[in-house]
Amino acid sequence: MARVLVTGGAGFIGSNFVRLLLTTDPAVEVVNFDCLTYAGNLANLADVADNPRHAFVRGDITDREQVRAAMRGVTDVIHFAAESHVDRSIQDSGPFVRTNVTGTQILLDAAREAKVSKYVQVSTDEVYGSLGATGLFTEETPLQPNSPYSASKAGADLLVRAYHHTFGLPAVTTRCSNNYGPYQFPEKLIPLFVSNLLADESVPVYGDGMQIRDWIHVLDHCRGVEAAWREGMPGEVYNFGGRCEMPNIELTKLLLKLLGKPDSLIRYVKDRPGHDRRYAIDCSKAERDLGWTPRVPFDRGLAETIDWYRANAAWVAEIKSGAYREYYEKQYGKLA
Ligand code: NAD
Ligand code: DAU
């Protein structure tokens, strides 16, 4: 029986991953290690809370003793925990360096001591920087992170590379494009815009709205991370993407249409400083070597995601009360 330490399993992708693993593999136990920042939410795990193969441990990856204690009996590590939002990293990069760099280093030391069979670093395509009008990020693209968030993730990736090279840690790194789906915190574009529009509130489009992202359903990303864990070669990097490039303004207008709302709810706001223009992923290595491919068509995934946010208004309302309002006003000013 594999006993997998999943860090950040109460966040958006981590909670979808824990659910996927528990429901598809009866021979796996999950130790879900998460300190429950603003983005961590036990409500994301309500349906697996009583599963006897799931143990939730509240702990911080920057605390060496807590990490060591959680690592006892663990065979594998899958590392999602991070500060994940670019705009927050522009407001204050401190927590990003602490969690994403120092936290990863502490986890790597503990994984080494525990002699795990596999360590998976869940990284991001943002470490590659920004593309022009053409071309795709491959695993060979040089790292050129542009935001404090992506710089901290690139720092973590380089530590993973070094622990594999120097100590032989059997580590695999994954780099995925923009995820969407259920349980995503409403600070990221899709859940922010959907939840605002459901409440007839305006949606803040940065700059000219012509920045391009490559959208992938969270379950496709989770399947990719699982494949990298099971099949990935130590020392290798695998890119995942949805082959679904779209300018932000086109996506915004699609959301307005699907929700039956007027274009007058679009509010153009000041651009994000250092805003990356285009991300697009070449995921052919993962397809070839891991037998993975993105399966969820964007139109179906997006419609289901909108339905999920409509059906889970209480989950959204709980998040949008309290500290979220402060963040929102600091980032966007008063609501229009
Ligand atoms: P999220 O912000 O929704 O969740 C992060 C989780 O990590 C939360 O549960 C939080 O409580 C936990 N956490 C944060 N700091 C911690 C600490 N010090 N100790 C323990 N737990 C801590 O993030 P997400 O969108 O689910 O992203 C998960 C991972 O996937 C991140 O590493 C991110 O860089 C990567 N990623 C995200 C995307 C995306 O589109 N969201 C795409 C590619 C890669
Ligand atoms: O590419 C993978 C990355 O995708 C992950 O590593 C990050 O954790 C995740 O947050 C995401 O980063 P982005 O910055 O691309 O995602 P975000 O949802 O914040 O923004 C998507 C695009 O929408 C981006 O071009 C900025 C724009 N945007 C975003 C927000 C929140 C707006 O125009 N208005 C907004 O209010």
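Helices (H or I, at least four residues) and strands (E, at least two) are DSSP runs, numbered from the N terminus. This is a predicted model, in which local features need pLDDT of at least 70 and side-chain atom pairs count only at pLDDT 80 or more, while totals for chains, interfaces and linings use all residues. Residues are numbered from 1 along each chain as its sequence is written, and side-chain values use heavy atoms, with hydrogens and water left out.

Let's start at Asp 125, in the loop that runs between strand 5 (118–124) and helix 5 (148–167). Asp 125 is buried (under 20% relative accessible area, against over 50% for exposed and in between for partly exposed, with a 1.4 Å probe and protein chains only). Asp 125 has no salt bridge, meaning a side-chain nitrogen of Lys or Arg within 4 Å of a carboxyl oxygen of Asp or Glu. Its nearest side chain of opposite charge, Arg 213, is 7.0 Å away (Lys and Arg count as positive, Asp and Glu as negative; His and the chain ends are not counted).

Elsewhere, charges do pair up: the structure holds 20 salt bridges. One of them joins the side chains of Glu 29 and Arg 3, at 3.0 Å from N to O. Glu 29 belongs to strand 2 (residues 28–34) and Arg 3 to strand 1 (residues 2–7), so this pair ties together parts that are 26 residues apart in sequence. Glu 29 is partly exposed at 25% relative accessibility, and Arg 3 is partly exposed at 28%.

Helix 2 (residues 64–70) offers a local example, with Arg 68 and Glu 65 three residues apart, about one turn of the helix. Their closest N and O atoms are 3.1 Å apart in a salt bridge. Here Glu 65 is exposed at 52%, whereas Arg 68 is partly exposed at 33%.

Methods
Chains are lettered from A and ligands numbered from 1 in the order in which they are written.
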